[in-house]
Amino acid sequence: MTQTRRSTSAGVLHAPASPPHLRRGSLMRQRTIWAYVFVAAPLVGLLVFFLGPIVFSGWVSLHDWNMITPVADMAWAGLDNYIYLLTQDTVFPKALLNTFLFAIGGVGSNVVLGLGFALLLNGKIRGKTLWRVIYFLPVMTAPLALGVIFGFMFNRNYGVVNNLLVALSIPRQPFLGHPSQALLVVIIIAVYQYVGYYIVIYLAGLQGIPQDYYDAASVDGANKWQSFRHITLPLLRPVTLFVVVTNTIGALQVFDLVFATTNGGPANSTITVVLHMYNTAFKFSRMGRASAMAFILFAIILTITILQLRFLRDRTNE
Amino acid sequence: MYDDRLFWNALGGGTKYTILIVGAVIMLLPFFWMVNASLMTAGEIQAQPPVWLPAEPQFSNYTKLLDTVPLGRQYLNSLIITCSTVVGVLFTSSLAGFAFAKYEFPGKNILFYCILATMMIPFFVTLIPVFYIIRQLGWIDSYQGIIVPGLTSAYGIFLMRQFIGTLPDELFDAARIDGASEPKIYFRIVLPLIRPALATLGTFTFIGSWNSFLWPLLVTNSRDLMTVPLGLNSLRLFAAEARNLDLLMAGTTLSVLPTLILFIFLQRYFIRGIALTGLKG
């Protein structure tokens with residue numbers, strides 16, 4: 001706190017344009033007050049909708065609560081909710097596994113396809129803006145709407161995908177209707193939706209690599225593959241780090257898409273942690289257990305993010 | 001040698017465009033199929049052997065949809081909620097971003113890091129408490145219940161602080177010498193200069209708010225407050241029972257249209273905004 005004050009006064013002393021005829025003290029005080037007014041709204045939002053709720057959520061996760069009994073009468077449960085989830089809940093491990101598979105499949109595909117298409121679009125290409133707009137359209141679309149469209153296209157009886165398969169003399173597939181295929185189809189829809197976003201990010205990264213590097217490499221006799229392997233890939237590592245970290249964080253929280261396509265079924269084959277948490281909280285009114293679930297997933301996300309940052313950053317230093 | 005390279009380049013270019021075209025077709029196919037099916041009769045959609053194109057475009061599907069679903073009301077609700085959110089987020093984010101970029105005040109750094117930290121908090125951790133708070137406030141089934149929790153945008157504050165930080169201090173000092181008050185500096189100098197950043201943040205907020213589903217689903221019960229995604233959800237459940245797939249596809253088409261049109265007109269702001277955040281990482 002004192003450090004902040006000191007730097008404040010230093011800033012004033014060196015401010016070149018501050019008018020000498022004004023009383024500096026009261027002017028500064030006035031500006032400080034205005035600064036607090038300017039940040040007041042987000043500050044209230046921060047307290048009421050983020051910091052307060054996190055503490056409250058942690059507190060609820062140690063209780064049995066149906067949101068109807070007053071907060072003061074919540075029954076203490078200690079770590080029971082956590083223990084139940086990790087040892088007895090039959091759906092939770094399934095939800096965790098599905099969520100991980102969803103994240104791994106989605107992130108892997110997005111990195112490969114995102115970088116691949118960005119490389120294609122990076123060179124001299126006609127209609128670059130048009131390509132980007134086309135690939136970006138699904139990013140703009142509500143996951144719910146895409147869920148409806150794909151649910152329709154992948155329908156067993158009248159879906160266009162099965163109609164095409166039949167036209168090619170391949171038997172009809174249940175797709176979203178069968179436990180062995182549903183999760184894969186959901187992953188495909190998610191990749192379809194977000195790959196355009198990662199293409200644009202990789203494209204921005206590629207455009208940040210100076211042409212000189214490639215010129216120097218080709219003077220030294222490097223072929224295209226060698227330039228890609230030793231210039232493009234290493235210099236894109238920060239971008240890949242960003243893609244992997246943000247995509248993983250997002251994928252581990254998937255809700256809308258699953259809700260709209262399978263609602264977790266069939267036989268819980270596509271249930272995800274957030275969907276399970278939603279059901280636990282708002283269908284079965286078990287707020288304590290749902291909050292514990294939220295905290296477990298939060299801890300997992302934090303751990304994975306830290307590991308990814310460390311692993312990918314360390315390799316940059318090699 | 002020279003001819004040889006020309007040949008390989010031409011071939012390479014050809015494969016390039018082939019892959020891009022195949023990718024683009026895959027990207028567009030669901031949208032095409034949605035519109036295509038929305039113009040079929042319910043019978044054509046389920047016909048076996050399949051019908052690929054409508055024998056005659058059934059524009060009546062859209063009028064039938066408008067007769068059965070209060071779509072106007074849903075658009076109005078979405079518009080009210082989305083526009084309030086965009087205006088609120090732009091105003092509070094730019095104001096706070098201005099304070100964090102150009103003012104010194106005790107607790108500034110701690111506060112800013114707290115706001116940055118909220119970007120790391122997944123939405124589901126605060127979902128139950130925020131729902132509880134909204135219920136205690138008596139805001140269930142109200143516009144403010146949907147809007148207010150979305151008004152604090154850590155990303156917005158961060159973006160605005162970065163952008164306003166690049167504006168020269170002399171601009172503000174000159175205005176102060178001329179006797180301008182601090183709010184006047186914000187309205188007369190800062191706001192006009194940060195228009196591109198406002199456009200970027202505004203378009204992102206618009207899409208996010210228009211497409212948002214889980215939160216409005218939780219805090220509304222009545223049909224009068226249904227937003228476009230909520231309406232699509234209930235149409236989906238209705239169509240699954242009644243097998244009105246023609247209406248469902250017409251409804252889906254109308255629900256995705258606004259964001260797609262907005263994007264096509266404002267795409268450069270999106271691309272720039274994404275490039276900005278992407279390169280930071």
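## Exercises on a two-chain model

The domain assignment splits chain A into domain 1 (19–60) and domain 2 (82–317). Keep in mind that this is a predicted model.

**Exercise 1.** How far apart are the centres of domain 1 and domain 2 of chain A?

*Solution.* Take the centres over C-alpha atoms: they are separated by 38 Å.

**Exercise 2.** Check whether the span of helix α5 of chain A agrees or disagrees with its number of residues, then look along the helix for a kink.

*Solution.* Step one: α5 covers residues 128–140 of chain A, which makes 13 residues. Step two: at 1.5 Å a residue, counting one less than the number of residues, the helix should span 18 Å. Step three: the end C-alpha atoms lie 19 Å apart, so the two values agree. Step four: there's a kink of about 30 degrees at A:Ile134, shortly before the proline A:Pro138. That proline is also one of the buried residues of α5(A), which include A:Trp131, A:Tyr135 and A:Phe136.

**Exercise 3.** Describe how domain 1 and domain 2 of chain B meet.

*Solution.* Start with the bounds: domain 1 is 2–59 and domain 2 is 61–280. Their C-alpha centres lie 34 Å apart. Eleven residues from domain 1 and ten residues from domain 2 make the contact. On the domain 1 side, α1(B) gives the largest share, four residues. That side divides into eight nonpolar, three polar and no charged residues.

**Exercise 4.** Which helix of chain B gives the largest share of the side that touches chain A?

*Solution.* First, the contact: 76 residues of chain B meet 75 residues of chain A. Helix α14 (residues 245–280) of chain B supplies the largest share of chain B's side, 16 residues. By type, this side has 54 nonpolar, 15 polar and seven charged residues.

Notes:
Residues are numbered from 1 along each chain as its sequence is written. Chains are lettered from A and ligands numbered from 1 in the order in which they are written. This is a predicted model: local features need pLDDT of at least 70, side-chain atom pairs count only at pLDDT 80 or more; totals for chains, interfaces and linings use all residues. Helices (H or I, at least four residues) and strands (E, at least two) are DSSP runs, numbered from the N terminus. The bend at a residue is the angle between axes fitted to the seven residues ending there and the seven starting there. A residue is buried if 20 or more other C-beta atoms lie within 10 Å of its own, exposed if 12 or fewer, and partly exposed in between; C-beta atoms are placed from the backbone. Two residues are in contact if their C-beta atoms, placed from the backbone, lie within 7 Å. Ala, Val, Leu, Ile, Met, Phe, Trp, Tyr, Cys and Pro count as nonpolar, Asp, Glu, Lys and Arg as charged, and the others, Gly among them, as polar. Domain bounds come from an automatic or database domain assignment.
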